[in-house]
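Reader: I have the sequence and the model open side by side. Could you take me on a close look at the aromatic side chains and the part of the fold around them?

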Amino acid sequence: MQLVGWGLGCVLVSACAMPPTGAQRAHQTAQDFNLDSRFGRNELVLPRVDPAARDEYALHHRAWGTGVRVADIEMMGMKPHGDADVDVFIHVSWYRMEEQDLRSTTLKQSWHSKSDAWMLVSEKRMDGDVGLLGEAIVVQSPDTPRSLPQFPTIRLGEGSN
């Protein structure tokens, strides 16, 4: 009988779960947003960007998937500012297609709650490599072409006796 009472208590407690808080919804929204942006699902990403910031966001992410490949995105933390504003810190591992060197950049995303939906209002680079958000970079190439790092092929049994 006690076992049945305990099982019923567990069912009742789980049925009365509290709805997620604003910070929990912001965390889930930011996590889904960044996962979708990593894989280029712009049809899911752009509606979560504040209409006033969409053009700037699209401009900064224009090279993602073509000139810039995102290897990984990780949420590092969140800092709430009252009930309607949250800063989310994102670590992005990425590389340029022509270089293939893994780079890392930390971004700060500012989110605001509007009519029970969280919207990205701004994004900026806090630390790490420049170029992820479309910043102008200068790539220097050597004056002389590099020689191939390969030894000449020698085949046994060929050549003069």
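Author: Happily! In this predicted model, the count of aromatic pairs comes to two. One of them brings F33 and W111 together: their ring centres are 5.1 Å apart and their planes stand at 90 degrees, so the pair counts as edge-to-face. F33 belongs to helix α2 and W111 to strand β3, so this pair ties together parts that are 78 residues apart in sequence. Y57 comes in as well, since ring pairs link F33, Y57 and W111 into a cluster.

How buried or exposed are the two rings of that edge-to-face pair? F33 has a relative accessible area of 3%, and because buried means under 20%, F33 is buried. W111 is buried too, with a relative accessible area of 1%.

Now let's step back to the elements that carry these rings. Helix α2 covers residues 22-38 and lies across β1, β2, β3 and β4, running at about 170 degrees to β1. Those strands form an open sheet of four, in the order β1-β2-β3-β4 and with antiparallel pairing. At the edges stand β1 (68-81) and β4 (117-128); each has a single partner strand, so one side of each is left without a neighbour in the sheet. From one strand to the next, the twist averages 25 degrees.

If you start at the β1 edge, you will find β1 paired with strand β2 (residues 85-96) in the antiparallel sense, over 12 bridges. For a place to zoom in there, try K79, whose bridge partner in β2 is D87.

Strand β3, the home of W111, has another residue that deserves a visit. T105 sits in this strand, which spans residues 103-114. With a relative accessibility of 0%, T105 counts as buried. What does the T105 side chain reach? It makes a polar contact of 2.8 Å with the side chain of W94. The T105 side chain also reaches the backbone oxygen of D129, at 2.8 Å.

To see the surroundings of T105, leave aside residues up to four places away in sequence: T105 then touches I90, H91, V92, W94, R125, D127, G128, D129 and L132. Both polar partners of T105 are in that list: W94, through its side chain, and D129, through its backbone oxygen.

So for your tour, you might begin at the cluster of F33, Y57 and W111, then follow strand β3 to T105.

Technical notes
Residues are numbered from 1 along each chain as its sequence is written. This is a predicted model: local features need pLDDT of at least 70, side-chain atom pairs count only at pLDDT 80 or more; totals for chains, interfaces and linings use all residues. Side-chain values use heavy atoms; hydrogens and water are left out. Helices (H or I, at least four residues) and strands (E, at least two) are DSSP runs, numbered from the N terminus. Buried means under 20% relative accessible area, exposed over 50%, partly exposed in between (1.4 Å probe, protein chains only). A polar contact is a pair of N or O atoms within 3.5 Å; within protein, one must be able to donate a hydrogen and the other to accept it, and residues adjacent in sequence count only if both atoms are side-chain atoms. Contact means heavy atoms within 4.5 Å. Two strands pair if DSSP finds at least two bridges between them. Axes are lines fitted to C-alpha atoms, for helices over the stretch in contact, and angles run from 0 to 180 degrees between N-to-C directions. Rings of Phe, Tyr and Trp (its six-membered ring) pair if their centres lie within 6.5 Å; planes under 30 degrees apart count as stacked, over 60 as edge-to-face and the rest as tilted.
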